[in-house]
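Biologist: I should like to learn how to read a model of this kind, feature by feature. Where would you begin?

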Amino acid sequence: MSDLAKEKARLLKKRGSVSSLGSHEVRAKETVGKTKDSISTVSYIDEPGHHEDNTRPAVQMENTYQMGPYKRFSVQAVNDILKDVLASYLQEEKYEAELCRQMTKTISEVIKARVKDLMIPRYKIIVLINIGQLNDQSMRFCSRCLWDASNDTFATHTFKNRSLFAVANVYAVYFE
């Protein structure tokens, strides 16, 4: 058995799959004269006889009979998070379409993580970020969803600098 095949077998046992030759562990082992053909990923589940039938028993959850939240969603705390994150990420930025596309993803993930750090149980968090170029235009945003006015809520903040605007919305939907 060649060294490359032994390395693949070792990786298969270690991780449950073998990566293609593009992976760092296997690529380091190949010789200079060989071509770099890719090999698809193989896992234990693809090969008959390697699949283990260790299914977990179904866990039966008991009813909590909780009809409303014990801890309410703090709109003021989330508004503070929105102001802080938007100002820190966009204060000195100029509008560039590709950069702003990436920034919306980054900012939404940061906001979502910081809102989840508030540890408000049983709320699903939805974060929407819109960034656009500031060119004396008018823009309106709207959204619709099923809403329980007694438990569900939202927070919003608008940010502007010399070249762009950003609108951040965080929706907190209570999950019974």
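Modeller: Let us begin with the vocabulary: helices (H or I, at least four residues) and strands (E, at least two) are DSSP runs, numbered from the N terminus. This is a predicted model, in which local features need pLDDT of at least 70 and side-chain atom pairs count only at pLDDT 80 or more, whereas totals for chains, interfaces and linings use all residues. Residues are numbered from 1 along each chain as its sequence is written, and side-chain values use heavy atoms, with hydrogens and water left out.

Biologist: How many helices and strands does the protein chain have, and what pattern do they follow?

Modeller: The protein chain has 4 helices and 5 strands. Along the sequence, their pattern is α-β-α-β-α-α-β-β-β.

Biologist: How should burial be read, and what percentage of the residues of the protein chain count as buried?

Modeller: Buried means under 20% relative accessible area, exposed over 50%, and partly exposed in between (1.4 Å probe, protein chains only). By that criterion, 30% of the 176 residues of the protein chain are buried. Areas come from the Shrake-Rupley method with a 1.4 Å probe, and for residues only the protein chains shown count as cover. The accessible surface of the chain is about 13,100 Å², with 52% of that belonging to carbon and sulfur atoms.

Biologist: What share of the contacts joins residues 24 or more positions apart?

Modeller: A contact means heavy atoms within 4.5 Å. Among contacts in the protein chain with a separation of 6 or more, 69% are between residues 24 or more positions apart.

Biologist: How is a sheet read, and in which order do the strands of the open sheet lie?

Modeller: Strands of a sheet pair through backbone hydrogen bonds, in either a parallel or an antiparallel sense. Two strands count as paired if DSSP finds at least two bridges between them. Here an open sheet of 3 strands has the order S3-S5-S4, and its pairing is antiparallel. S3 and S4 are the edge strands, each pairing on one side only. From one strand to the next, the twist averages 10°.

Biologist: How many bridges join S5 to strand S3, and how many to S4?

Modeller: Strand S3 (residues 123–133) is joined to S5 by 11 bridges, and strand S4 (residues 153–160) pairs with S5 over 8 bridges. In the first pairing, isoleucine 125 stands opposite alanine 172 and valine 127 opposite valine 170. On the S4 side, alanine 155 stands opposite valine 170 of S5. S4 and S5 form a hairpin, with 3 residues between them. As for cover, 10 of the 11 residues of S5 (residues 164–174) are buried.

Biologist: How do two helices cross, and at what angle do H3 and H4 do so?

Modeller: Axes are lines fitted to C-alpha atoms, for helices over the stretch in contact, and angles run from 0 to 180 degrees between N-to-C directions. The axes of helix H3 (residues 75–90) and helix H4 (residues 97–116) come within 10 Å and cross at roughly 145°. The contact includes Val78, Ile81 and Leu82 of H3 and Met103, Ile107 and Val110 of H4. Its residues divide into 12 nonpolar, 1 polar and 2 charged, where Ala, Val, Leu, Ile, Met, Phe, Trp, Tyr, Cys and Pro count as nonpolar, Asp, Glu, Lys and Arg as charged, and the others, Gly among them, as polar.

Biologist: Which strands does H4 lie across?

Modeller: H4 lies across S3 and S5, and runs at about 150° to S3.

Biologist: Which individual residues deserve a reading in the loop between H4 and S3?

Modeller: Methionine 119 lies in that loop, and its phi is near 55°, a positive value in a residue other than glycine. Methionine 119 is exposed, at a relative accessible area of 63%. Arginine 122 lies in the loop between H4 and S3 as well, with a phi near 70°, again positive in a residue other than glycine. Arginine 122 is partly exposed, at 28% relative accessibility.

Biologist: Is histidine 157 buried or exposed?

Modeller: Histidine 157, in strand S4, counts as buried because its relative accessibility is 18%. Beyond its neighbours within four places in sequence, histidine 157 is in contact with Leu82, Lys83, Leu86, Ala166, Val167 and Ala168. Histidine 157 and asparagine 169 are 12 residues apart in sequence, and their C-alpha atoms are 6.8 Å apart in space.
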